[in-house]
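This report goes through a single protein chain and the ligand placed with it. It begins with one strand pairing and then widens to the fold and the ligand shell.

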Amino acid sequence: MELTGPGLLLRPWRDADAAAVLEALRDPAIMQWNPQGDVNDLEAARRWVRRRADWSGSHVSLAVVDPAAPETLSGSVSLNRIQDGDASIGYWTLPAARGRGLASAAVARLTAWAFAELGLYRIELCHAVLNAASCRVAQRTGYLVEGTLRQSFRYGDGRRYDEHLHARLATD
Ligand SMILES: CC(C)(COP(=O)(O)OP(=O)(O)OC[C@H]1O[C@@H](n2cnc3c(N)ncnc32)[C@H](O)[C@@H]1OP(=O)(O)O)[C@@H](O)C(=O)NCCC(=O)NCCS
């Protein structure tokens, strides 16, 4: 399954993405705001990629790439905890790809697909209040802020942070 948009391709994960994933998961911002556990070598990165390529669980995960260079990884977008019409969305982009609207385009595209094709009704998006760039992605993609969750998630540095809960409904 591939999803496209202007300057955007969301495609399934491939083993060949492992090296780029290893690099991405060593980025300080991703380590802090999108901690992925211990992915310290190529073999662990390959397992990470294969878990995301396997949609037999309750998630849908796609690699974010430039359609003109589909081998080169730019980011990740995924729907997690898909159950009974609900899901949560997560994303990151590599430093070189940031600031071009890519995360927003990927979130918007996967969200539209999930409402239309998966029949989801509500998708939640959580980010640390301090993560202003992620808040902009939520705002740009129509995820309305519903409140602040106090000390609700332990991020990469091991500390709990307040989070904004945003959500979109199929009827928004
Ligand atoms: C958050 C992240 C996914 C954004 O990716 P991106 O491809 O740059 O996103 P976009 O270009 O679509 O939008 C980024 C927005 O944040 C803004 N932004 C970037 N850095 C910012 C900062 N330090 N403070 C405030 N806003 C910031 C940009 O200006 C842009 O908003 P605009 O379009 O209104 O100008 C990326 O920075 C990232 O991967 N961060 C680390 C992991 C992470 O935070 N994941 C999300 C966890 S909830």
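Which residue in S8 is the bridge partner of Leu149? The partner is Glu163. The model is a predicted one, and what follows describes that model.

**The S7, S8 and S6 strands**

The contact between Leu149 and Glu163 belongs to an antiparallel pairing in which seven bridges join S7 to S8. Five residues lie between these two strands in their hairpin, and Gly158 there has a positive phi near 85°. S7 also holds Gln151. Gln151 is not a glycine, yet its phi is positive, at about 45°. Because 10 other C-beta atoms lie within 10 Å of Gln151, that residue is classed as exposed.

Strand S8 (residues 160–169) also pairs with strand S6 (residues 122–128), in the antiparallel sense and over seven bridges. Within this pairing, Leu125 faces His166 of S8, and Arg122 is set opposite Leu169 of S8.

**The S4, S5 and S6 strands**

Strand S4 (residues 69–83) and S5 run antiparallel and are joined by seven bridges. Leu79 stands opposite Ile89 of S5. The hairpin of S4 and S5 has two residues between the strands, and Asp84 in that hairpin takes a positive phi near 55°. Arg81, found in strand S4, has a positive phi of about 50° and is not a glycine. Arg81 has 11 other C-beta atoms within 10 Å, so this residue counts as exposed.

On the S6 side, S5 has a parallel partner: three bridges join S5 to S6. In that pairing, Asp86 stands opposite Arg122 in S6. Arg122 therefore appears in two pairings, opposite Asp86 and opposite Leu169 in S8, if the definition of pairing by bridges is applied.

The pairings described above are set out here.

| Strand pair | Sense | Bridges | Residues opposite each other |
|---|---|---|---|
| S4 and S5 | antiparallel | seven | Leu79 and Ile89 |
| S5 and S6 | parallel | three | Asp86 and Arg122 |
| S6 and S8 | antiparallel | seven | Leu125 and His166 |
| S7 and S8 | antiparallel | seven | Leu149 and Glu163 |

**The whole sheet**

How are the eight strands ordered in the open sheet? The order is S1-S2-S3-S4-S5-S6-S8-S7, with mixed pairing. Strand S1 (3–5) and strand S7 (144–154) are the edge strands, each pairing on one side only. From one strand to the next, the twist averages 30°.

Thr4 is a residue of edge strand S1. Is Thr4 buried or exposed? Thr4 counts as exposed, because 11 C-beta neighbours lie inside 10 Å. Thr4 and Leu125 are 121 residues apart along the chain, and their C-alpha atoms are separated by 22 Å.

**The chain as a whole**

The protein chain contains five helices and eight strands. In sequence order they follow the pattern β-β-α-α-α-β-β-β-α-β-α-β-β. The chain is as compact as a globular protein of its length, because its radius of gyration is 15 Å, close to the 16 Å that the globule rule gives for 172 residues. The C-alpha trace spans about 40 × 35 × 30 Å along its principal axes. Of the 172 residues, 33% are buried.

An unreviewed UniProt entry carries the annotation "domain: N-acetyltransferase" for residues 8–172. Over residues 8–172 the chain is 31% helix and 38% strand, and the end C-alpha atoms are 24 Å apart.

**The ligand shell**

How many residues surround the ligand? There are 23, and the closest are Trp33, Arg98, Ala103, Ser104 and Ala132. The elements that give two or more residues to this shell are helix H2 (28–33), strand S5 (86–93), helix H4 (102–118) and helix H5 (132–140). H5 provides the largest share, six residues. By residue class, the shell divides into eleven nonpolar, eight polar and four charged residues.

Strand S5 thus belongs both to the shell around the ligand and to the sheet, where S5 pairs with S4 and with S6.

Technical notes:
Residues are numbered from 1 along each chain as its sequence is written. This is a predicted model: local features need pLDDT of at least 70, side-chain atom pairs count only at pLDDT 80 or more; totals for chains, interfaces and linings use all residues. Helices (H or I, at least four residues) and strands (E, at least two) are DSSP runs, numbered from the N terminus. Axes are lines fitted to C-alpha atoms, for helices over the stretch in contact, and angles run from 0 to 180 degrees between N-to-C directions. A residue is near a molecule or strand if its C-beta atom, placed from the backbone, lies within 6 Å of it. Ala, Val, Leu, Ile, Met, Phe, Trp, Tyr, Cys and Pro count as nonpolar, Asp, Glu, Lys and Arg as charged, and the others, Gly among them, as polar. UniProt positions are given in the numbering used here, feature names are shortened, and annotations may be inferred rather than shown by experiment. The radius of gyration is taken over C-alpha atoms; the globule rule is 2.2 Å times the number of residues to the power 0.38. A residue is buried if 20 or more other C-beta atoms lie within 10 Å of its own, exposed if 12 or fewer, and partly exposed in between; C-beta atoms are placed from the backbone.
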